[in-house]
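Hi,

Here's the structure I said I'd pass along. Have a look at it first, and my notes on what turned up are underneath.

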Amino acid sequence: MNDQDLEYIKLGKNVLDIEIETLIKLKKSIDENFINCVNLIYNSEGRIVVTGIGKSAIIGQKLVSTFNSTGTHSIFLHAADAIHGDLGMLKNEDIIICISKSGETNEIKSLVTILNNFGNKIIAITSSPNSFLSLNSDILLHIPVEYEAEPNNLAPTASSIAQMAIGDALASALLQKKGFSVEHFAKFHPGGAIGKKLYLKVSNIYKRNEKPQVLPDADIKTIIMEMTTKRLGATVVVDENGKLIGIITDGDLRRMLEADIKMKDVNAEMIMSRSPKTICENNLAASALEKMRLNSITQLVVTDDFDNYLGIIHIHDILREGIS
């Protein structure tokens with residue numbers, strides 16, 4: 001690396017140092033106002049309406065997403081749009097979180113004046129404790145930012161990090177106060193790994209597979225053809241009523257060959273493994289994976305509550321869904 005490259009590395013580290021220092025100051029600044037915000041939101045019957053302009057608006061949209069995913073109903077309202085007609089979406093019981101570094105932009109000042117007339121409670125997140133926003137809000141969450149992290153001290157960097165951090169802290173405190181559990185989180189994240197572990201059932205997966213099965217008197221050719229065409233490396237043995245009797249896997253075929261049994265004399269009942277590991281279709285896919293790992297196997301026979309054979313679920317089916 002040349003001297004210019006080293007200078008860029010130094011600059012990058014300096015940006016992070018400033019932002020880390022800002023977060024340390026923010027941590028020390030959290031006081032009873034933070035508790036007042038938590039209690040105000042927790043006891044409210046309305047929504048959280050987060051507003052801002054510029055970079056603060058972008059941070060506000062992120063905080064809305066965090067609030068909603070952790071059980072606190074929230075919407076975003078851009079400050080400029082608010083004073084041009086979108087105030088109609090507000091309800092009397094809504095609590096406003098207004099984010100602004102200076103607290104003095106024209107849109108923020110106009111919006112806060114209107115909100116004071118509406119009677120909505122306002123939480124200010126700002127770096128200026130004596131600003132118009134601070135003085136006209138019900139609760140102030142002060143963001144102690146002396147200077148931004150970029151060299152010209154202009155672009156929101158340290159202040160944006162601090163705004164987002166205090167919002168995350170607020171959402172986390174509310175999460176704990178509400179008793180928001182992993183199950184609740186999964187409800188709002190059904191497509192994620194946690195949601196799938198708690199909601200995805202065996203019945204949602206196994207139906208994609210073929211359903212290999214043979215009768216007890218099936219010969220070796222029939223057995224091998226069923227295992228090959230259904231591409232699961234196994235076939236289930238059932239009686240005439242579809243009741244599970246056993247399973248034949250690749251391992252059972254190898255053991256048969258090692259025993260030097262004449263293949264023309266073999267039928268399914270002779271080489272099958274009796275009492276195979278099963279899973280009910282109503283069980284969670286995560287439970288099926290745990291059972292496979294516990295027994296060092298790669299598939300389970302799927303049954304209903306009456307022990308009727310329904311299909312096979314393979315470990316790869318579950319891992320493909322992001323459950324691990």
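Let's start with the pockets: the largest one holds about 220 Å³ of space. Keep in mind that this is a predicted model. The lining of that pocket is made up of 14 residues, and the ones closest to its centre are Ile247, Thr249, Lys277, Ile297 and Gln299. If you want to find your way there by strands, β8, β9 and β11 (299-303) are the elements that give two or more residues to the lining. Of these, β11 gives the most, with 3 residues. As for the character of the lining, 7 of the residues are polar, 5 are nonpolar and 2 are charged.

Next up is the second largest pocket, with about 160 Å³ of space. It's lined by 13 residues, and Ile53, Ser56, Ser100, Lys101 and Thr105 are the closest to its centre. Here the elements to look for are helices: α3 (55-69) and α7 (158-177) each bring at least two lining residues. The largest share comes from α7, which supplies 3 residues. By class, this lining counts 8 polar, 3 charged and 2 nonpolar residues.

One more spot to click on is helix α11, which runs over residues 250-258. Which of its residues are buried? They are Gly251, Asp252, Leu253 and Met256. Among the elements covering them are α10 (220-230), β8 (244-249), α12 (268-271) and β9 (273-274). You'll recognise β8 and β9 from the lining of the largest pocket.

Shout if anything is unclear.

Cheers

Conventions: Residues numbered from 1 in each chain as written. Predicted model: local features only at pLDDT ≥ 70, side-chain atom pairs only at ≥ 80, totals over all residues. Heavy atoms only, no water. Buried < 20%, exposed > 50% of the residue type's maximum accessible area, 1.4 Å probe, protein only. Helix = DSSP H or I, 4+ residues; strand = E, 2+ residues; numbered from the N terminus. Contact = heavy atoms within 4.5 Å. 1 Å grid on protein atoms, 1.4 Å probe; cavity = no way out; pocket = protein on both sides within 12 Å on 5 of 7 lines; lining within 4 Å. Points joined across faces, edges and corners; volume = space filled by probe spheres on them. Nonpolar A, V, L, I, M, F, W, Y, C, P; charged D, E, K, R; others polar.
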